[in-house]
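Dear colleague,

I am passing the structure on to you below, together with some notes on what was found in it. Please read them alongside the coordinates.

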Amino acid sequence: MYTLLSGLYKYVFQKDEYCILILGLDNAGKTTFLEQSKTRFSKNYKGMSLSKITTTVGLNSKGAMSAVGVGPSPEGAVSSFEATSSWWAHLRSTGAGCCSQGSGETVMDPGHSLTGTLLSPVGTVDVGKARLMFWDLGGQEELQSLWDKYYAECHGVIYVIDSTDEDRLSESKQAFEKMVMSEALDGVPILVLANKQDVETCLSIPDIKTAFSDCTSKIGRRDCLTQACSALTGKGVREGIEWMVKCVVRNVHRPPRQRDIT
Ligand SMILES: Nc1nc2c(ncn2[C@@H]2O[C@H](COP(=O)(O)OP(=O)(O)OP(=O)(O)O)[C@@H](O)[C@H]2O)c(=O)[nH]1
Ligand SMILES: [Mg+2]
């Protein structure tokens, strides 16, 4: 009887949490994608106008803390935030798991003038029993060195490509290649979003697949999907998220964290 009731309690009140990294070059549309996802999947979420999203400065450290259950809700944290010097130093020197760091202070690191997202915003999306916790990491070159600090603890990666930026496609491919070659990401599902498909002159999916073709062997046998997407209009967003949920749920090598819904 106890087992039955405990099973029922878990079914009703527990969510399986999965950490999802959103990576890609700066200006690819990561933050816009995150906002669009939250808007589409969270009934009561009132996001800001997507066209008003600008490159984010620094990180929302309080939001980051709240995502692990020790601070205020990160929902709605879209505007620019400043990085803490201790956070910055902490990230640079030690790195940290995507679910276990933060200082909560707000001071700009004087040594860096960041013009993109460092780590913001943190958002969550519930799909059935799964809760995806997104980490929107900055795409600028100097910030890419931080990406691998999060690999060991993530359950999935969403890699965003700007399909309108042919000039930077090979730069994006190099960043992608470096990422998939990381052992810490072995077996982790990767969703590649060919974003900005609403722009008439954008590169097609076959164009992008061709440009990324020599990454195929490095992707190996893990789940990987290239999805046409417009973070601005929402095209392909639901399909991408639902695919990711399916993959992280079936990946027995990276079990979710379980948390009671409060
Ligand atoms: N046309 C079009 N524009 C988009 C789309 N997604 C994002 N954008 C625009 O691209 C620009 C960059 O979007 P962001 O979401 O800030 O990009 P980001 O990847 O978060 O950039 P960083 O924070 O610098 O790493 C903004 O002007 C967005 O409005 C899209 O699907 N279509
Ligand atoms: Mg951003």
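**Notes on the predicted model**

Ile20 touches Leu132, Met133, Phe134, Cys154, His155, Gly156, Ile158 and Met244, leaving aside residues up to four places away in sequence. Please keep in mind throughout that this is a predicted model.

Ile20 also appears in the largest nonpolar core, which has 48 residues, and where Ile20, Leu21, Ile22, Val157, Ile158, Tyr159 and Leu193 touch the most other members. At least two residues of this core are supplied by each of β1, α2 (30-41), β3 (117-127), β4, β5, α6 (169-180), β6 and α9 (237-250).

As for the pairing of strand β1 (residues 14-23), seven bridges join β1 to strand β4 (residues 130-137), and the two run parallel, with Leu21 standing opposite Trp135 in β4. Strand β5 (residues 156-162) is likewise parallel to β1 and is joined to it by four bridges, and here Ile20 stands opposite Gly156. Four bridges also join β1 to strand β8 (residues 257-260), but these two strands run antiparallel, and the bridge partner of Glu17 in β8 is Arg257. Seven of the ten residues of β1 are buried, so this strand is largely enclosed by the rest of the structure.

After β1, the loop between β1 and α2 holds Asn27, which has a positive phi of about 75 degrees although it is not a glycine. Asn27 counts as partly exposed because it has 16 C-beta neighbours inside 10 Å, a number that falls short of the 20 required for a buried residue and is above the 12 allowed for an exposed one. In helix α2, the buried residues are Lys30, Thr31, Phe33, Leu34, Glu35, Gln36, Ser37 and Lys38, a list that includes charged and polar side chains as written in the sequence. The length of α2 can be checked as well: at 1.5 Å a residue its twelve residues should span 16 Å, and because its end C-alpha atoms are 16 Å apart, the two values agree.

You may also wish to look at the annotated positions, for which an unreviewed UniProt entry places the feature "binding site" at Gly139, Asn195, Lys196, Gln197 and Asp198. Of these, Asn195 is in strand β6 (residues 190-195) and counts as buried because it has 29 C-beta neighbours inside 10 Å. Its contacts, not counting residues up to four places away in sequence, are Ala28, Gly29, Phe33, Val160, Ile161, Asp162, Ser163, Cys229, Ser230 and Ala231.

Lys196 lies in the loop between β6 and α7 (205-211), and it too counts as buried, because 25 C-beta neighbours lie inside 10 Å. With the same sequence neighbours left out, Lys196 touches Gly29, Asp162, Ser163, Thr164, Cys202 and Ser230. Lys196 has a positive phi of about 70 degrees although it is not a glycine.

For the chain as a whole, there are nine helices and eight strands, and 40% of its 262 residues count as buried. Among contacts between residues at least 6 apart in sequence, 78% join residues at least 24 apart.

With kind regards

Notes:
Residues numbered from 1 in each chain as written. Chains lettered and ligands numbered in written order. Predicted model: local features only at pLDDT ≥ 70, side-chain atom pairs only at ≥ 80, totals over all residues. UniProt positions renumbered as here; feature names shortened; annotations may be inferred. Contact = placed C-beta atoms within 7 Å. Pairing = 2+ DSSP bridges. Core = buried A, V, L, I, M, F, W, Y, C linked by C-beta atoms within 7 Å. Expected span 1.5 Å × (residues − 1).
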